[in-house]
Amino acid sequence: RRGVSHRRQVAIRIGFKGVQVGHSRVDLLVEEQLIVEIKAVEALVDMHTAQVISYLRAFCAPLGLLLNFNEALMRRGIRRVVLSA
């Protein structure tokens with residue numbers, strides 16, 4: 001309702017040195033700048049962060065949020081991921 005553009009389940013190609021090595025889907029892409037990856041797991045692990053970093057690189061997006069909905073308090077389930085240059 002606030003006019004924030006977003007897309008759900010955006011297809012993404014994962015490449016390495018110019019060669020496509022895989023594909024996946026980003027849960028939510030907000031304003032073509034913010035990637036939101038949604039999980040419902042016991043605990044977030046490094047693999048989840050690496051997944052978001054791969055998405056950030058593929059989209060050339062600067063910021064990602066990793067949300068784990070399997071937490072008693074939502075603030076404990078939020079991890080901010082910044083793509084460093």
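**Exercise 1. Salt bridges**

Task: Find which side chains meet glutamate 37 and arginine 7 in salt bridges, and state whether each residue concerned is buried or partly exposed.

Solution.

Step 1. The side chains of glutamate 37 and lysine 39 form a salt bridge, with 3.5 Å from N to O. The structure is a predicted model, and each value below is computed from it.

Step 2. Buried means under 20% relative accessible area. Glutamate 37 has 4% relative accessibility, so glutamate 37 counts as buried. Lysine 39 has 15%, and therefore lysine 39 counts as buried as well.

Step 3. Arginine 7 meets glutamate 32 in a salt bridge, at 3.1 Å from N to O. This pair links distant parts of the chain: arginine 7 lies in strand S1 and glutamate 32 in the loop between S2 and S3, 25 residues apart.

Step 4. Values between 20% and 50% count as partly exposed. Arginine 7, with a relative accessible area of 38%, is therefore partly exposed. Glutamate 32 has 42% relative accessibility and is partly exposed too.

Step 5. The count of salt bridges comes to two.

**Exercise 2. The order of elements and the sheet**

Task: Write down the elements of the chain from the N terminus on, then describe how the strands are arranged in the sheet.

Solution.

Step 1. The chain has one helix and five strands. From the N terminus on, these elements run β-β-β-α-β-β.

Step 2. The five strands make an open sheet in the order S1-S2-S3-S4-S5, with mixed pairing. Strand S1 (6-16) and S5 each have a single partner strand, so they stand at the edges and one side of each is left without a neighbour in the sheet. From one strand to the next, the twist averages 35 degrees.

Step 3. The mixed pairing can be seen at strand S3 (residues 34-39). S3 pairs with S2 in the antiparallel sense over three bridges. With S4, strand S3 pairs in the parallel sense over six bridges.

Step 4. Individual residues show these pairings. Leucine 29 stands opposite isoleucine 35 in S3, and isoleucine 35 stands opposite glycine 64 in S4. Valine 36 has leucine 65 in S4 as its bridge partner.

**Exercise 3. Positive phi angles**

Task: Glutamine 9 and glutamate 31 both have a positive phi. Explain why this is worth noting, and place both residues in the structure.

Solution.

Step 1. Most residues other than glycine have a negative phi, which is why a positive value is worth noting.

Step 2. Glutamine 9 has a phi of about 50 degrees although it is not a glycine. Its place is in strand S1. With a relative accessible area of 42%, glutamine 9 is partly exposed.

Step 3. Glutamate 31 has a phi of about 55 degrees, and it is not a glycine either. Glutamate 31 lies in the loop between strand S2 (19-30) and S3. S2 and S3 form a hairpin with three residues between them, and glutamate 31 is in the turn. At 40% relative accessible area, glutamate 31 is partly exposed.

**Exercise 4. Inside and surface**

Task: Decide whether leucine 56 and methionine 74 are buried or partly exposed, and say where each one is found.

Solution.

Step 1. Leucine 56 is found in helix H1 (residues 46-59). Its relative accessibility is 0%, so leucine 56 counts as buried. Leucine 44 is twelve residues away from leucine 56 in sequence, and their C-alpha atoms are 18 Å apart in space.

Step 2. Methionine 74 is in the loop between strand S4 (63-68) and strand S5 (78-82). Methionine 74 has a relative accessible area of 30% and is therefore partly exposed.

Step 3. Together with Ile38, Phe69 and Ile78, Met74 makes a nonpolar surface patch of about 350 Å².

Step 4. For the chain as a whole, 27% of the 85 residues count as buried.

**Exercise 5. Overall dimensions**

Task: Compare the radius of gyration of the chain with that of a compact globule, and give the span of the C-alpha trace.

Solution.

Step 1. A compact globule with 85 residues would have a radius of gyration near 12 Å. The chain has 13 Å, which agrees.

Step 2. Along its principal axes, the C-alpha trace spans about 40 × 35 × 25 Å.

Notes. Residues are numbered from 1 along each chain as its sequence is written. This is a predicted model: local features need pLDDT of at least 70, side-chain atom pairs count only at pLDDT 80 or more; totals for chains, interfaces and linings use all residues. Side-chain values use heavy atoms; hydrogens and water are left out. Patches are made of residues with over 30% relative accessible area and no salt bridge: like charges are joined within 9 Å, nonpolar side chains (Val, Leu, Ile, Met, Phe, Trp, Tyr) within 5 Å. Accessible areas come from the Shrake-Rupley method with a 1.4 Å probe; for residues, only the protein chains shown count as cover. A salt bridge is a side-chain nitrogen of Lys or Arg within 4 Å of a carboxyl oxygen of Asp or Glu. Helices (H or I, at least four residues) and strands (E, at least two) are DSSP runs, numbered from the N terminus. Buried means under 20% relative accessible area, exposed over 50%, partly exposed in between (1.4 Å probe, protein chains only). Two strands pair if DSSP finds at least two bridges between them. Axes are lines fitted to C-alpha atoms, for helices over the stretch in contact, and angles run from 0 to 180 degrees between N-to-C directions. The radius of gyration is taken over C-alpha atoms; the globule rule is 2.2 Å times the number of residues to the power 0.38.
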